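Let's take a walk through this model, one piece at a time. Have the sequence and the 3D view open side by side.

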Amino acid sequence: TKFHLFFTLVENEADGPYLFVAKATSTDLIHWSEPRILTEKNRAKNYSSPGNVIRFGGKYLLSLQTYPRENGEKYGNLNARVFVMESDDLENFDSPRMLMVKGNIPVEDMGRMIDPYLIEDLQEPGKWWCTYKQNGVSTSWSYDLVNWTYAGHTDGGENVCIFPKDGQYIMYHSPDNGIGVKTSPDLHHWT
């Protein structure tokens, strides 16, 4: 068995930090390969924060974000967006493709969004949801991962991960005071 770990790699240089999505592999979860960078060096993009890997259309899709800091900002600016990269083998990836999770609107009107995570609908196989950090936790849905419909938002922190369990969804997220856990039957009503 080969395990694949995707993560943000930061390289500090004289003109400041650069962010990359990188990966390492292991066969025993103890010994890991050297990190291998998967994204370009570009402070206006700063690809980072991989969310998850799903299988769709015979390919692997890795969700990730941009975290632009080209003007020396402390945090990612208003141009932060969510993306996926496709792969046949989890080793070689296509260039990142932006997810137009707000539907057919201009990119500049989408607003700042980070931390994408993809999950298939429990009641409707073939329908996919993308959660991302914007106004709390926002959600959008798609059948082809290209055409998206915005579905609203709920209270929540960053770094959302959602897992199905016993016919419902469990959300792990990071509110201001630690790690939060929520449950939902439909991705809309959370307790």
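**A tryptophan in a loop, then a small sheet**

Start with Trp 32, which you'll find in the loop that links β2 (16–26) and β3 (36–37). Keep in mind that you're looking at a predicted model. Is Trp 32 buried or exposed? Neither, quite: its relative accessible area is 35%, so Trp 32 counts as partly exposed, a class that sits between the under 20% of buried residues and the over 50% of exposed ones.

Trp 32 has company, too. Together with Phe 3, Leu 5 and Leu 29, Trp 32 makes up a nonpolar patch on the surface. Add up the accessible area of these four residues and you get about 360 Å².

Now move along the chain to a sheet. Here 3 strands line up in the order β12-β13-β14, and the sheet is open, with antiparallel pairing. At the edges are β12 (158–165) and β14 (180–184), each of which pairs on one side only. From one strand to the next, the twist averages 20°.

Zoom in on β12 and its partner β13 (residues 168–174): the two run antiparallel and are joined by 6 bridges. Want to trace the register? Ile 162 has Met 171 in β13 as its bridge partner, while Phe 163 is matched with Ile 170 in β13. As a rule, side chains in a regular strand alternate between the two faces of the sheet.

Finally, look at how the chain gets from β12 to β13. The two strands form a hairpin with 2 residues between them. In that turn, Asp 166 has a positive phi of about 55°.

Terms used: Residues numbered from 1 in each chain as written. Predicted model: local features only at pLDDT ≥ 70, side-chain atom pairs only at ≥ 80, totals over all residues. Heavy atoms only, no water. Pairing = 2+ DSSP bridges. Helix = DSSP H or I, 4+ residues; strand = E, 2+ residues; numbered from the N terminus. Axes fitted to C-alpha atoms, helices over the stretch in contact; angles between N-to-C directions. Patch = residues over 30% accessible without salt bridge, like charges linked within 9 Å, V, L, I, M, F, W, Y side chains within 5 Å. Areas by Shrake-Rupley, 256 points an atom, 1.4 Å probe, with all protein chains shown as cover. Salt bridge = Lys/Arg side-chain N within 4 Å of Asp/Glu carboxyl O. Buried < 20%, exposed > 50% of the residue type's maximum accessible area, 1.4 Å probe, protein only.
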